[in-house]
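This report describes the nonpolar interior, the ligand site and several individual residues of the structure shown below.

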Amino acid sequence: MKLLRIDSSARRNAVSRQLTGHFAEAWLNEHPEGEILERDLASTPLPHITDEFVQAMYTDPAARTAAQQQAIALSDTLIEEVLAADTIVIGAPMYNFSVSAPLKAWIDQIVRGGKTVLFGPAGPEGQVKDKKVFVITTRGGAYRPGTPTERFDYQEPYLRHVLAFIGLTDVTFIYAENQKPGPQAEVAKAAAIAQIAHHAAEQSSSLV
Ligand SMILES: Cc1cc2nc3c(=O)[nH]c(=O)nc-3n(C[C@H](O)[C@H](O)[C@H](O)COP(=O)(O)O)c2cc1C
């Protein structure tokens, strides 16, 4: 079993990084033989896609120029990491009502026409199947349904849509909201840790 852990906060001691750490620990308890691959998008930033990248995406691999091959090689590696994983956990801080730029850069590398999504007569068909995804989102405010700010959440709807676009439809969100300084922050973080433990136990009961 393989877990791919993605972190995308700019902050070293980020709440999302602490929570993906809890998740990885709980997952390893349930899968002692499992392997964890960590991709910290802040400590090893990904490049933005380029003209050569886009040309490579629409060129038969055998016909790509050396520059095109070079531009798309990292994307191939990142896609292999996704395809090899059974479970993916994504630490996703809310930045300016959406995802952080490092997470968007990762998405631009792994959402690839002709590879992770194919376009047929019935429309786009995601090729990344049979994986569980957990998104651990940290936010200064609160955006859950029923809050006055729910309409400003451009993070969860976007992530759900783009992940489903490549076939990742089994997606569970774990929320640590209200992380602005104040008494609610620790309460929300503790609730997220409890949710992580609950999902880890759920995974172990689905194994028996
Ligand atoms: C650049 C930046 C933009 C942010 N934008 C938002 C925002 O739009 N909405 C919000 O609720 N919190 C926002 N926050 C607060 C963070 O979501 C919050 O501090 C969260 O805990 C950050 O996650 P982390 O601890 O995993 O880094 C922002 C923080 C930063 C640094």
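A polar contact is taken here as a pair of N or O atoms within 3.5 Å. The model under discussion is predicted.

## Ligand site

By that criterion, a backbone N or O atom of Gly141 contacts an oxygen atom of the ligand at 2.8 Å. Two further backbone approaches, from Asn96 and Phe97, are listed beside it.

| Residue | Protein atom | Ligand atom | Distance |
|---|---|---|---|
| Asn96 | polar backbone atom | nitrogen | 2.9 Å |
| Phe97 | backbone N or O | oxygen | 2.7 Å |
| Gly141 | backbone N or O | oxygen | 2.8 Å |

Taken alone, the ligand exposes 630 Å², and the protein buries 74% of that area. The ligand is surrounded by 16 residues, of which Ser9, Arg11, Ser16, Phe97 and Tyr143 are the closest. Sorted by class, this shell holds 7 nonpolar, 7 polar and 2 charged residues.

Phe97 belongs to the loop between S3 and H4. Although Phe97 is not a glycine, its phi is positive, at about 70°. Its relative accessibility is 40%, so Phe97 counts as partly exposed; the class spans the range between under 20% for buried and over 50% for exposed.

Asp153 links this region to the loop between S6 and H5, in which Asp153 lies. Beyond four places in sequence, Asp153 touches Met94, Phe97, Arg139 and Tyr143. Two of these residues, Phe97 and Tyr143, are also among the closest to the ligand. Asp153 and Tyr143 are 10 residues apart along the chain, and their C-alpha atoms are separated by 6.0 Å. The side chain of Asp153 takes part in a polar contact of 3.2 Å with the side chain of Arg139, and it also reaches the backbone nitrogen of Glu156 at 3.0 Å. Is Asp153 buried or exposed? With a relative accessible area of 10%, Asp153 is buried, because buried means under 20%.

## Nonpolar cores

In soluble globular proteins, nonpolar side chains tend to be buried together. Here the largest nonpolar core contains 30 residues, and Ile88, Ile90, Leu103, Trp106 and Val135 have the most contacts inside it. Two or more residues are contributed by each of strand S1 (2–7), helix H3 (66–84), S3, helix H4 (101–110), strand S6 (132–138), helix H5 (156–165) and strand S7 (171–176). H4 supplies the largest share, 5 residues. A second core, separate from this one, has 15 residues, including Val15, Ala24, Val89 and Ala176.

Within H4, the buried residues are Leu103, Ala105, Trp106, Ile107, Gln109 and Ile110. An α-helix has 3.6 residues a turn, so residues three or four places apart point the same way. The cover over the buried residues of H4 includes S1, helix H2 (51–57), H3, S3 and H5. Leu103 illustrates this packing: beyond four places in sequence, Leu103 is in contact with Ile6, Ser8, Leu41, Ile90, Ala92 and Leu159.

Strand S3 (residues 87–93) includes Thr87. At 3% relative accessibility, Thr87 counts as buried. Outside its neighbours within four places in sequence, the contacts of Thr87 are Lys2, Leu3, Leu4, Phe23, Trp27, Lys132, Phe134 and Gln203.

## Residues with greater exposure

Which loop holds Asp130? Asp130 lies in the loop between strand S5 (123–126) and S6. Asp130 is exposed, with a relative accessible area of 78%. Its phi is near 60°, a positive value in a residue other than glycine.

Gln69, in helix H3, counts as partly exposed at 41% relative accessibility. Apart from neighbours within four places in sequence, Gln69 is in contact with Pro61 and Arg64. Between Gln69 and Phe53, 16 residues apart in sequence, the C-alpha to C-alpha distance is 8.2 Å.

Glu202 is placed in helix H6 (residues 183–205) and counts as partly exposed, with 41% relative accessibility. A polar contact of 3.2 Å connects the side chain of Glu202 to that of His199. Glu202 and Gln179, 23 residues apart in sequence, are 27 Å apart in space, C-alpha to C-alpha.

Notes:
Residues numbered from 1 in each chain as written. Predicted model: local features only at pLDDT ≥ 70, side-chain atom pairs only at ≥ 80, totals over all residues. Heavy atoms only, no water. Helix = DSSP H or I, 4+ residues; strand = E, 2+ residues; numbered from the N terminus. Buried < 20%, exposed > 50% of the residue type's maximum accessible area, 1.4 Å probe, protein only. Contact = heavy atoms within 4.5 Å. Core = buried A, V, L, I, M, F, W, Y, C linked by side-chain atoms within 4.5 Å. Near = heavy atom within 4 Å. Polar contact = N/O pair within 3.5 Å; in protein donor to acceptor, adjacent residues only side chain to side chain. Areas by Shrake-Rupley, 256 points an atom, 1.4 Å probe, with all protein chains shown as cover. Nonpolar A, V, L, I, M, F, W, Y, C, P; charged D, E, K, R; others polar.
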